[in-house]
Amino acid sequence: MTTTPLGFLLTNGVVSNPSNTPPVTAFLETHPGAYTTTRTHNNASLVLFWERHLKRLAESVRILYNADPQLLFGPNKTSLPLPSSLAANSLLLHDLVNDSMKKVLPIALEGRSDGEELSITTLVSGNLGESGDLELEKIGGALDVSIYVGIYVPCVFGVRGNGAQLAVVGRGRDVAAAKYSDWVRIRKSLERLRPPSGTELLLSNDGDRILEGSLSNFFVVRRKDDNEAKEQTIHCFEVQTAPISEGVLPGIIRQLVIEVCLSKGIPFREVAPLWSEHEFWEEAFITNSLRLMQHAENVRAPSSWESLHGNSWKDISWKEKQFEEGPGMITTILQKEIMEKAVSEGYSLS
C-alpha cells in the first residue's frame, strides 16, 4: 500500500497549489487540531464510513477543548472558556467539513488514475483570530477546516507478505480518546526503536498490557485456556483489545470489529492483550481507516522494558511471537464482514 507525495490541500475553502503542498505528515506536525483520516473504496466510488468519521471528529474537538486546548488552538492557549455551543454544535462542524469536501474532492478525483483510491485527512483547528478571544456568536469562524487528499493504493488482504510485523516500543498516548495532530510529531521519537522490518509500533505502559499501535488499534485472537480441540470453532477463541478507559483511540474500524463480533456471536472482551500470555495468541491484527484490517505475521517485545531507554532497536533484546502465514479463521471472518459494511455505510461519490 502506498500514498503518493502529491496532495491536494484545501483550507477554509482555498485550495493550495499541489506543487507547494507538503506531505500530509509534515502538514499535521505543524498545525494543531483534531483530525481524522479515511479513504475512498471501490475505485473511488465511495468514501468509507464518512458519517462515523464526522462524529468522531466532532467528539475529538470537544475532548481537546475540555482536556487540553493547546492541542486544538496551539501553544500558550491553556485557559479558554468552554462555550456550550461548541460541544453541542456538531451539526455546524459537519456542515463546515462537508462544504470543504465538495470543493476539494472533484479536483482530487481528476488527478487520480484508474484503480487508485484517495486518502482523505480532515483537520479542524481552533482559530482565536487577532484578538485572541473566542467570539461565541461566531463559533464557526473560530474553527479552521483543512482537508488533505492524497493518492492511495491499498494492499490486498490475505496476500502472502502483506502481513504486519509489530514491535512493542513505547508508552501510551495522553488524551488518547481524541485523535490530534500533535501525536504525529510526538510519535517520531519512537522511530529509533523500530526494527528494520517493523510495520507498526505498539504501545504499552508496562511492557505487558498492550494498548494500541502508534497508527492503529491492536487485537489478538486468544485461545481459551487449555482449549486445543482438533475441530476448532469460533467459540474456542476470544477476541481481545484494550478498553478506551485504559487510554486508546476509539478507532472507527475498532468499533466495527466489536459490532461484528457481537452480531456474529464471536466471543469478545475489552481487555488489554497480555504479552505474558502470548503463547495463547492464535491470531493478531491491527486496524485503521486506511489499511482497514491487516493480519499480523509476528509481534516483538523487549526482553527488558528498561532496554527501551536505549538509542536504537539494536540495543534491545527482543522476544518474538510468530503466527502462521496468512490471516487466521477469525480475522478472515471479521475482514469479510467489515468490507460488506464498507459498502453499505459508504458515502457515495456518484
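Is Asn12 buried, partly exposed or exposed, and what is its relative accessible area? Asn12 is partly exposed, at 45%. The legends below describe views of a predicted model, this residue among them.

**Figure 1. Overview of the predicted model.**
The protein has 350 residues, and 51% of them count as buried. It has eight helices and 16 strands. About 15800 Å² is exposed, and carbon and sulfur atoms supply 50% of that area. Among contacts with a separation of 6 or more, 76% join residues 24 or more positions apart. The mean pLDDT is 89, and 89% of the residues reach 70 or more. Residues 134-139 have pLDDT below 50. Beyond near neighbours in sequence, this stretch has 13 contacts in the model. Where pLDDT is low, the predicted coordinates should not be read in detail.

**Figure 2. Two asparagines with positive phi, Asn12 and Asn43.**
Most residues other than glycine have a negative phi. Asn12 has a phi near 50 degrees. It sits in the loop between strand S1 (2-11) and strand S2 (14-15). Asn43 has a positive phi of about 60 degrees. Its loop runs between strand S3 (34-41) and strand S4 (46-47). Asn43 is partly exposed, with a relative accessible area of 34%. For Asn12 the value is 45%, and this residue too is partly exposed.

**Figure 3. Strand S5 (residues 117-126), a largely enclosed strand.**
Why is S5 described as largely enclosed by the rest of the structure? Because 10 of its 10 residues are buried. Glu117, Ser119, Thr121, Leu123 and Ser125 point one way from the strand. Leu118, Ile120, Thr122, Val124 and Gly126 point the other way. Both sets are buried. S5 pairs with two strands shown here, S3 and S6. S3 and S5 run antiparallel and are joined by six bridges. In that pairing, Ala34 stands opposite Val124. S5 and strand S6 (residues 143-153) are also antiparallel, over 10 bridges. There, Thr121 stands opposite Tyr148.

**Figure 4. Strand S7 (residues 164-170) and its parallel partners, S14 and S8.**
S7 is mostly covered, with six of its seven residues buried. It pairs with strand S14 (residues 292-302) in the parallel sense over four bridges. Its pairing with strand S8 (residues 200-204) is parallel as well, again over four bridges. Look for Ala167 in both pairings. In S14, Arg300 stands opposite Ala167. In S8, the residue opposite Ala167 is Leu201.

**Figure 5. Ala178, a buried loop residue.**
Ala178 lies in the loop between S7 and helix H6 (182-186). Its relative accessible area is 0%, so it counts as buried, the cut-off being under 20%. Which residues does Ala178 touch, not counting residues up to four places away in sequence? They are Ser60, Ile63, Leu64, Arg173 and Leu249. Ala178 and Arg56 are 122 residues apart in sequence. In space, their C-alpha atoms are 8.2 Å apart.

**Figure 6. Helix H7 (residues 252-264) and the cysteines Cys261 and Cys236.**
H7 has 13 residues. Its first and last C-alpha atoms are 19 Å apart, close to the 18 Å expected at 1.5 Å a residue. Buried residues of H7 include Ile252, Ile253, Arg254 and Leu256. Val257, Ile258, Val260 and Cys261 are buried too. Just after the helix, Gly265 takes a positive phi of about 70 degrees. Cys261 has a relative accessible area of 0%. Cys236 is also buried, at 8%. A disulfide is a covalent bond between the sulfur atoms of two cysteines. With a cut-off of 2.5 Å between cysteine sulfur atoms, the count of disulfides is zero.

**Figure 7. Helix H8 (residues 329-344) and its cover.**
H8 has 16 residues, which should span 22 Å at 1.5 Å a residue. Its end C-alpha atoms are 23 Å apart, which agrees. The buried residues are Ile330, Thr331, Leu334, Gln335, Glu337, Ile338 and Ala342. What covers these buried residues? The cover includes S4, H7 and S14. Strand S10 (217-223), strand S11 (237-241) and strand S13 (281-288) also contribute.

Definitions and conventions. Residues are numbered from 1 along each chain as its sequence is written. This is a predicted model: local features need pLDDT of at least 70, side-chain atom pairs count only at pLDDT 80 or more; totals for chains, interfaces and linings use all residues. Side-chain values use heavy atoms; hydrogens and water are left out. pLDDT is the predictor's confidence in each residue, from 0 to 100. Contact means heavy atoms within 4.5 Å. Buried means under 20% relative accessible area, exposed over 50%, partly exposed in between (1.4 Å probe, protein chains only). Accessible areas come from the Shrake-Rupley method with a 1.4 Å probe; for residues, only the protein chains shown count as cover. Two strands pair if DSSP finds at least two bridges between them. The expected span of a helix is 1.5 Å times one less than its number of residues.
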